[in-house]
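Work through these short exercises with the structure in view. Try each task before reading its solution.

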Amino acid sequence: MRVLLLAAMVVSLAACASGNREAGANVDDGTFGNATMNNTLVQTGTMDYRMALGQRFAGEVPSTITFPFNSSQLTAEARAALDHQANWMRQFPELRFSVYGHTDLVGSNAYNKSLGLRRAQTAVAYLGSRGISRSRLDALVSYGETRPVVVTQAPEQQNRRTVTEVAGFVKGSAAPLNGKYAAIIWRNYIALGQRPHPSNHVVQTELSDSN
């Protein structure tokens, strides 16, 4: 009898724990507080702000575009990727970006340096046509053939590319401690709050049940 009573109590407690959770408990998907943590790491120097913003940029938009062989002309796919980049850049006018041009291993080093630079310039010109100030695209650097994605002497599309990266803040922003990085994080919070979240229905249901 005692064993049955103990088992019943355990089941009852488990049901209470799962069914009577605090309203809003389902809203946190495990990332709550990440923005504050990242901002703290940046401001204390534990994390480089360029790395933090660069990771976010690369995670949210396609940062790499590829080119046809021996060409600096944009394909339809490349233009679509640059459109995504431009949309992201417009949300963060505080930031500067670098565009790095690359080539495959076919041809001389001198020719490939020139071709890589032309590809970077083409990408920057397109971003400029989408309303991004050229002053924010300040580092047109060509690595030529020296940093292949795929090491091969044959033509390789993955090597014929440009890569866009976060370079830092616009001139006049000496350091992220002036609040610009915090402003970026705050805008992210606002954007997240405006999105429909599947947990909102759960919260509303819990509140209705409690009335």
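**Exercise 1.** Find out whether Arg119 is buried or exposed, and which side chain of opposite charge is nearest.

*Solution.* The model is predicted. Start with the location: Arg119 lies in helix α5. Next, check the cover: Arg119 is buried. Now look for a partner. The nearest side chain of opposite charge is Asp104, 6.0 Å away. A salt bridge needs the atoms within 4 Å. Arg119 therefore has no salt bridge. Last, list the neighbours. Leaving out residues up to four places away in sequence, Arg119 touches several residues, among them Phe67, Pro68, His102, Arg160 and Thr162.

**Exercise 2.** Work out which strands pair with β4, and where Val163 fits in.

*Solution.* Take β4 itself: this strand spans residues 161–169. Eight of its nine residues are buried. Then count the bridges. Strand β1 (residues 64–66) is joined to β4 by three, and the two run antiparallel. Strand β2 (residues 95–102) is joined to β4 by seven, again antiparallel. Now zoom in on Val163. Val163 is the bridge partner of Thr64. Val163 is also the bridge partner of Tyr100.

**Exercise 3.** Identify which residues touch the most other members of the largest nonpolar core, and which element gives the most to this core.

*Solution.* The core has 25 residues. Ile65 and Phe97 touch the most other members. Two or more residues come from each of α3 (49–60), α4 (76–91), β2, α5 (109–129) and β4. Of these, α4 gives the most, with six residues. In soluble globular proteins, nonpolar side chains tend to be buried together.

Notes. Residues numbered from 1 in each chain as written. Predicted model: local features only at pLDDT ≥ 70, side-chain atom pairs only at ≥ 80, totals over all residues. Heavy atoms only, no water. Buried < 20%, exposed > 50% of the residue type's maximum accessible area, 1.4 Å probe, protein only. Helix = DSSP H or I, 4+ residues; strand = E, 2+ residues; numbered from the N terminus. Pairing = 2+ DSSP bridges. Core = buried A, V, L, I, M, F, W, Y, C linked by side-chain atoms within 4.5 Å. Lys, Arg positive; Asp, Glu negative; His and termini not counted. Contact = heavy atoms within 4.5 Å.
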